[in-house]
Amino acid sequence: AGAVGAIVRADAVVDAAFLDCVPRLRVLARTGVGVDLIDLPAASARGIPVVITPGAGTRAVAEGVLAMALHLVKRLGPLTDLVRQNRWADRARVPVGDLNGATMGIVGYGRIGRRVGELAEAFGMRLVAYDPFNRPPSGIASADLAGVASASNVVTLHVPLTNETHHLVDKAFLDHIQ
């Protein structure tokens, strides 16, 4: 109740009820950039500025994207389960892919999307990207989301959650991914 500042992580819900509990609060800092779980009108009504930390997690998030891509393409989950079950011989029945030569589709080409592209290229991946605000270089730019989906083996999203981006990816989009 006596806090004058708060630092919140991505999963913290900051609503009017929370703000009522901290009447002395003068600033709210969100680690990262997403503010979808913060009631901005309620904070504004109380004169509480909400600040973000752009760039703070760029490298970690981008590395996490490649870790997940490797996990999925290399089928680490099913293969680990077989090894745990001492079914080593069954591993040959699990098809495993490669990132080298595959196409990474990047939706949102800001700091994180660009870093994901750099790392994906280091793995030998081709890139295709879409972002109506941060135009990707012409060699990788897609005119629309459908172009990203149809050209990609792996797709990663790096857009803020807003009314415009909510349900940006839907069944039709996913059905187009290779």
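**Two parallel sheets and the largest pocket**

In β5, Y130 is the bridge partner of V107. The model described here is predicted. The pairing of V107 with Y130 belongs to a contact between strand β4 (residues 103-107) and β5, which run parallel and are joined by five bridges. These strands are part of an open sheet of three strands, arranged in the order β5-β4-β6 with parallel pairing. The edges of this sheet are occupied by β5 (126-130) and β6 (154-157); each has a single partner strand, so one side of each is left without a neighbour in the sheet. From one strand to the next, the twist averages 20°. Strands of a sheet pair through backbone hydrogen bonds, in either a parallel or an antiparallel manner.

Helix α5 is associated with the β5-β4-β6 sheet. It lies across β4, β5 and β6, and its direction is at about 175° to that of β4.

A further open sheet is formed by three strands in the order β1-β2-β3, again with parallel pairing. Here β1 (5-8) and β3 (50-52) stand at the edges, and each has a single partner strand, so one side of each lacks a neighbour in the sheet. Neighbouring strands of the β1-β2-β3 sheet are turned against each other by 20° on average, direction ignored. Strand β2 (residues 27-30) runs parallel to β1, and four bridges join the two. Within this pairing, V8 stands opposite R30 of β2.

The largest pocket of the model has a volume of about 870 Å³. Its lining comprises 36 residues, and those nearest the centre of the pocket are V33, I112, H158, V159 and P160. Two or more residues of the lining are contributed by each of the elements α3 (58-73) and α5 (111-122). The greatest contribution is that of α5, which supplies three residues. Helix α5 thus appears in two settings, as an element lying across the strands β4, β5 and β6 and as a contributor to the lining of the largest pocket.

By residue class, the lining of the largest pocket divides into 15 nonpolar, 14 polar and seven charged residues. Among the residues nearest the centre of the pocket are V33 and H158.

Notes:
Residues numbered from 1 in each chain as written. Predicted model: local features only at pLDDT ≥ 70, side-chain atom pairs only at ≥ 80, totals over all residues. Heavy atoms only, no water. 1 Å grid on protein atoms, 1.4 Å probe; cavity = no way out; pocket = protein on both sides within 12 Å on 5 of 7 lines; lining within 4 Å. Points joined across faces, edges and corners; volume = space filled by probe spheres on them. Nonpolar A, V, L, I, M, F, W, Y, C, P; charged D, E, K, R; others polar. Pairing = 2+ DSSP bridges. Axes fitted to C-alpha atoms, helices over the stretch in contact; angles between N-to-C directions. Contact = heavy atoms within 4.5 Å.
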